[in-house]
Amino acid sequence: MTHTGGCRCGAVRFEATVDPHHTSYCHCADCRHASGAPVSAFVGFMADSVAFAGEEPRTYVNGPVTRSFCGTCGAPIAYVDERIGETTYFMLGAMDAPANYKPTLHAYVREQLPYLHMPDGLPRHVASSVPRPDGT
Ligand SMILES: [Zn+2]
Ligand SMILES: [Zn+2]
């Protein structure tokens with residue numbers, strides 16, 4: 001199955017040729033600033049299964065994390081963390097069929113906004129759900 005997505009204006013398109021191995025919510029402040037939304041959600045694919053088409057996304061590098069976005073419409077596309085660089089995490093909302101990617105966990109709930117309640121019974125990780133070599 002091919003998984004496809006893109007930005008709001010359609011200038012940036014992408015596809016992945018394998019199924020995602022990770023689908024999660026992230027409550028961290030960095031994702032909040034990048035997305036503008038109180039909580040973000042991501043779909044992770046092995047990076048070597050991902051291909052982009054159309055306009056090259058713009059990128060913003062913050063330490064080990066590179067976030068990409070459309071240079072035309074500004075829509076956030078994905079992030080890559082060089083500490084776990086074999087995965088490309090696409091914004092769930094950038095997928096063409098977002099309803100197909102049900103998150104399986106919450107990450108960084110220590111940074112969750114106090115008025116946001118999501119009683120879905122999913123596992124809740126205080127910080128990252130994917131261990132980084134430096135322990136963050
Ligand atoms: Zn766009
Ligand atoms: Zn985050």
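**Exercise 1. Which residues of β9 are buried on one side, and which on the other?**

Keep in mind as you work that this is a predicted model.

*Solution.* Start with the general pattern: in a regular strand, side chains alternate between the two faces of the sheet. Now look at β9, where T87, Y89 and M91 sit on one side, while T88 and F90 sit on the other. Each of these residues is buried, and both faces of the strand are covered. Last step: 5 of the 5 residues in strand β9 (residues 87-91) are buried, so the rest of the structure largely encloses it.

**Exercise 2. Find the strands that pair with β9, and say in which sense they run.**

*Solution.* Take strand β4 (residues 40-46) to begin with: it pairs with β9 in the antiparallel sense, over 5 bridges. Zoom in on that pairing and you'll find G44 opposite Y89 of β9.

Next comes strand β8 (residues 76-81), which pairs with β9 in the antiparallel sense too, over 2 bridges. Here Y79 has Y89 in β9 as its bridge partner. To get from β8 to β9, follow the hairpin that joins them through 5 residues.

Put the steps together: Y89 stands opposite G44 and is also the bridge partner of Y79.

**Exercise 3. Work out the arrangement of donors around the zinc ion (ligand 1).**

*Solution.* Step one is to list the protein donors: C7 (SG), C9 (SG), C70 (SG) and C73 (SG), at 2.3 to 2.4 Å from the ion. Step two is to check the angles. The 4 donor atoms subtend 106 to 114° at the zinc ion (ligand 1), so the arrangement is tetrahedral. For reference, the ideal angle for four tetrahedral donors is 109.5 degrees.

Step three is to trace the donors along the chain, where their spacing reads C-x1-C-x60-C-x2-C. Within this set, the pair C9 and C73 links distant parts of the chain, 64 residues apart. C9 belongs to the loop between β1 (3-6) and β2 (12-16), and C73 to the loop between β7 (65-69) and β8.

Finally, how exposed are these two? C9 is partly exposed, at a relative accessible area of 43%; C73 is partly exposed as well, at 32%.

**Exercise 4. Do the same for the zinc ion (ligand 2): list the donors and their spacing.**

*Solution.* The protein donors are C26 (SG), C28 (SG) and C31 (SG), lying 2.1 to 2.3 Å from the zinc ion (ligand 2). Along the chain they follow the spacing C-x1-C-x2-C. To round things off, check accessibility: C28 and C31 are both buried.

Terms used. Residues are numbered from 1 along each chain as its sequence is written. Chains are lettered from A and ligands numbered from 1 in the order in which they are written. This is a predicted model: local features need pLDDT of at least 70, side-chain atom pairs count only at pLDDT 80 or more; totals for chains, interfaces and linings use all residues. Side-chain values use heavy atoms; hydrogens and water are left out. Buried means under 20% relative accessible area, exposed over 50%, partly exposed in between (1.4 Å probe, protein chains only). Helices (H or I, at least four residues) and strands (E, at least two) are DSSP runs, numbered from the N terminus. Two strands pair if DSSP finds at least two bridges between them. Donors are N, O and S atoms within 2.8 Å of the metal (3.2 Å for Na, K and Ca); water is not among the atoms, so sites may look incomplete. Four donors count as tetrahedral if all angles lie between 85 and 135 degrees; four count as square planar and six as octahedral if opposite donors are over 155 degrees apart and all others between 65 and 115; anything else is irregular.
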